Amino acid sequence: MITFIFYLFAFILIGSAYRVITVKNPVHAVLFLVLAFFSSAAIWLLLQAEFLAIALVLVYVGAVMVLFLFVVMMLDINLSQLRDGFVHHLPIAAIVGAIMLLEMILVIWAWQKEIPEAAMAAASSLPNTTQLGQVLYTDYVYPFEIAAAILLVAMVAAIALTMRPHTRAKYQKPEQQVQVRREERVRLVNMPAESKD
């Protein structure tokens with residue numbers, strides 16, 4: 001049964017990944033991308049890699065919406081048109097949500113029915129999160145740090161690309177302020193004294 005569920009999730013993953021690159025609507029593409037990430041997380045749960053599955057859901061599925069907002073800011077998509085089409089996007093969102101719910105139910109059911117307790121007892125006494133941390137910070141510490149630096153550069157580049165100068169904002173220019181002379185800013189005016197007569 002686990003083999004059947006694995007191939008079912010793999011088929012859903014391949015189909016949703018294909019729809020990400022073939023669908024014309026960007027909202028539908030993001031929803032299919034969320035489904036692809038969720039299917040990958042379900043496969044990792046079947047392989048007893050709980051930490052990687054949860055990390056994929058939290059990081060990628062959570063970051064997909066940020067990516068979508070980044071694309072909207074870069075392409076200047078009219079948000080009012082997207083809000084107007086909410087009812088139009090609702091069926092595909094409902095289908096994607098139903099498939100994700102079905103995947104969660106199948107993973108939990110497969111764990112309860114098919115995984116024998118002897119196999120669980122034969123597993124290492126350390127949780128897979130601890131084992132992953134030991135391998136990640138000993139054998140792969142340099143690739144991990146390089147990947148972190150690349151992600152930091154990508155984040156800074158994304159922020160720099162989306163920043164637009166404000167025409168109404170006023171900025172100080174210190175290089176011009178230090179060159180100012182008193183004669184340019186202050187004018188002395190001689191005025192006659194007023195009498196009380």
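This is a short walk through one protein model, from the overall layout down to two residues. Keep in mind that the model is predicted.

Let's start with the layout. The protein has 10 helices and 0 strands. Read from the N terminus, the elements run α-α-α-α-α-α-α-α-α-α.

Next, contacts. Take those in the protein with a separation of 6 or more. Residues 24 or more positions apart account for 74% of them.

Now the surface. The accessible surface of the protein comes to about 15600 Å². Carbon and sulfur atoms hold 68% of that. And the inside? Of the 197 residues, 20% are buried.

Let's look at one residue from each side of that story. First, serine 40. Find helix α2, residues 26-46, and you will find serine 40 there. Is serine 40 buried or exposed? Its relative accessible area is 18%. Buried means under 20%, so serine 40 counts as buried. What does serine 40 touch, leaving out residues up to four places away in sequence? The answer is Leu13 and Leu56.

Second, methionine 155. Go to helix α8, which covers residues 141-162. Methionine 155 sits in that helix. Its relative accessible area is 49%. Exposed means over 50%, and partly exposed is the band between that and 20%. So methionine 155 is partly exposed.

Methionine 155 also belongs to a group. Which residues make the nonpolar surface patch with it? They are Leu152, Val156, Ile159 and Met163. The patch comes to about 510 Å².

To recap: serine 40 is buried in the model, while methionine 155 is partly exposed and helps make a nonpolar surface patch.

Note on methods:
Residues are numbered from 1 along each chain as its sequence is written. This is a predicted model: local features need pLDDT of at least 70, side-chain atom pairs count only at pLDDT 80 or more; totals for chains, interfaces and linings use all residues. Side-chain values use heavy atoms; hydrogens and water are left out. Patches are made of residues with over 30% relative accessible area and no salt bridge: like charges are joined within 9 Å, nonpolar side chains (Val, Leu, Ile, Met, Phe, Trp, Tyr) within 5 Å. Accessible areas come from the Shrake-Rupley method with a 1.4 Å probe; for residues, only the protein chains shown count as cover. A salt bridge is a side-chain nitrogen of Lys or Arg within 4 Å of a carboxyl oxygen of Asp or Glu. Helices (H or I, at least four residues) and strands (E, at least two) are DSSP runs, numbered from the N terminus. Buried means under 20% relative accessible area, exposed over 50%, partly exposed in between (1.4 Å probe, protein chains only). Contact means heavy atoms within 4.5 Å.
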